[in-house]
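Student: Could we go through this model together? I would like to begin with the strand pairing and then turn to the overall fold.
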Amino acid sequence: MADTDKTDVPAEEKKEEKKEEAKEEAKEEAKEEAKEEKADGDDDEQGEGDDEEKEEKINRPANFKTFEEDEDVLFKMRAKLYRLDNGEWKERGTGEVKFLKHKETNKIRLLMRRDKTLKICANHYLSPVMKLETNVGCDRSWVWNTPADFADEEPKKETFAIRFQNSENAKKFFDKFEESQKEMAALLETLNK
C-alpha cells in the first residue's frame, strides 16, 4: 500500500500543476484580448486585419525627420483605416489621422501613420473632387476615393474607409474634411488665375 500512495502523489501534483498552468495561460490570454480591445475599440462589420498589425515597434533615432516639420496640424484624431483591395476591405492600420497644411504652399494633405511603427498608411492631398460617403449606414465610418495616395511612395488610386471610436469623432472628421476641401478649392482657383 505504501508504494501506491507514493506513485499517486506525483500524479496528483502533476494534475494540480497542469490546472494551475492552464489557469495562468487563460489569465494571460484574457489580458492580451483586453489590451487589444482597448487599443482597437470594438471591432465589428469590417474586414480582417492583415499581417501589418503584427509589426513590431521600430526604434527611431532622436533626430528622425517625419517631413511634417513644415506643416501645421489642422486636425488630429485616432482612427482605424481600411483600404479596398480586390473587392475586399483590408486593414491598413490604426493610429492618428491628421490634416496637415503646408506653411508655404498652403496645400492640405491627409496623413495617417500606424501607432507603433509610424509607418505611413495614408498620404494624399485633399482634392475638391473627393466625396466622403457613409460606410454601409454606419455613423462612425466614412469612405472616399483618392486619385493618388503616396503611402507606398508611388502614387496609387485608392478607396479608403476610416472608422472612429464614436459618431461624434466621425462628425468632426467629416466637418474638417469638407472645410479643408473648400480651402484647397480656393487655393487651386487662385493658382489657376
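Student: In S6, which residue is the bridge partner of Glu-133?
Tutor: The partner of Glu-133 is Val-143 in S6. Please keep in mind that this is a predicted model.

Student: How many bridges do S5 and S6 have, and in which sense do they pair?
Tutor: Three bridges link S5 and S6, and the pairing is antiparallel. The two strands form a hairpin with two residues between them. In that turn, Val-136 has a positive phi of about 50°.

Student: Back to Val-143: which residue stands opposite Val-143 in S7?
Tutor: That residue is Ala-161. S6 and S7 run antiparallel and are joined by seven bridges.

Student: How many residues lie between the strands in the hairpin of S6 and S7?
Tutor: Six residues lie between them. Glu-153 in this hairpin takes a positive phi near 75°.

Student: Now the whole sheet: what is the strand order?
Tutor: The sheet is open and has seven strands, in the order S4-S3-S2-S1-S7-S6-S5, with antiparallel pairing. Its edge strands are S4, residues 120-125, and S5, residues 133-135, each of which pairs on one side only. On average, neighbouring strands of the sheet are turned by 35° against each other, with direction ignored.

Student: What holds paired strands together in general?
Tutor: Strands of a sheet pair through backbone hydrogen bonds, in either a parallel or an antiparallel manner.

Student: And S1 with S2, over how many bridges do they pair?
Tutor: S1, residues 71-85, and S2, residues 88-102, pair over 14 bridges in the antiparallel sense. Within this pair, Glu-71 stands opposite His-102 in S2.

Student: Changing topic, where do the helices come in the order of elements?
Tutor: From the N terminus on, the order is α-β-β-β-β-β-β-β-α. The chain has two helices and seven strands.

Student: Which strands does H2 lie across?
Tutor: Helix H2, residues 167-191, lies across S1, S2, S3, S4, S6 and S7. The helix runs at about 30° to S6.

Student: Last topic, the chain as a whole: what percentage of the residues is buried?
Tutor: Of the 193 residues, 32% are buried. The accessible surface comes to about 13,200 Å², and carbon and sulfur atoms account for 48% of that surface.

Student: And what share of the contacts with a separation of 6 or more comes from residues 24 or more positions apart?
Tutor: Such residues account for 57% of those contacts.

Technical notes
Residues are numbered from 1 along each chain as its sequence is written. This is a predicted model: local features need pLDDT of at least 70, side-chain atom pairs count only at pLDDT 80 or more; totals for chains, interfaces and linings use all residues. Side-chain values use heavy atoms; hydrogens and water are left out. Helices (H or I, at least four residues) and strands (E, at least two) are DSSP runs, numbered from the N terminus. Buried means under 20% relative accessible area, exposed over 50%, partly exposed in between (1.4 Å probe, protein chains only). Contact means heavy atoms within 4.5 Å. Accessible areas come from the Shrake-Rupley method with a 1.4 Å probe; for residues, only the protein chains shown count as cover. Two strands pair if DSSP finds at least two bridges between them. Axes are lines fitted to C-alpha atoms, for helices over the stretch in contact, and angles run from 0 to 180 degrees between N-to-C directions.
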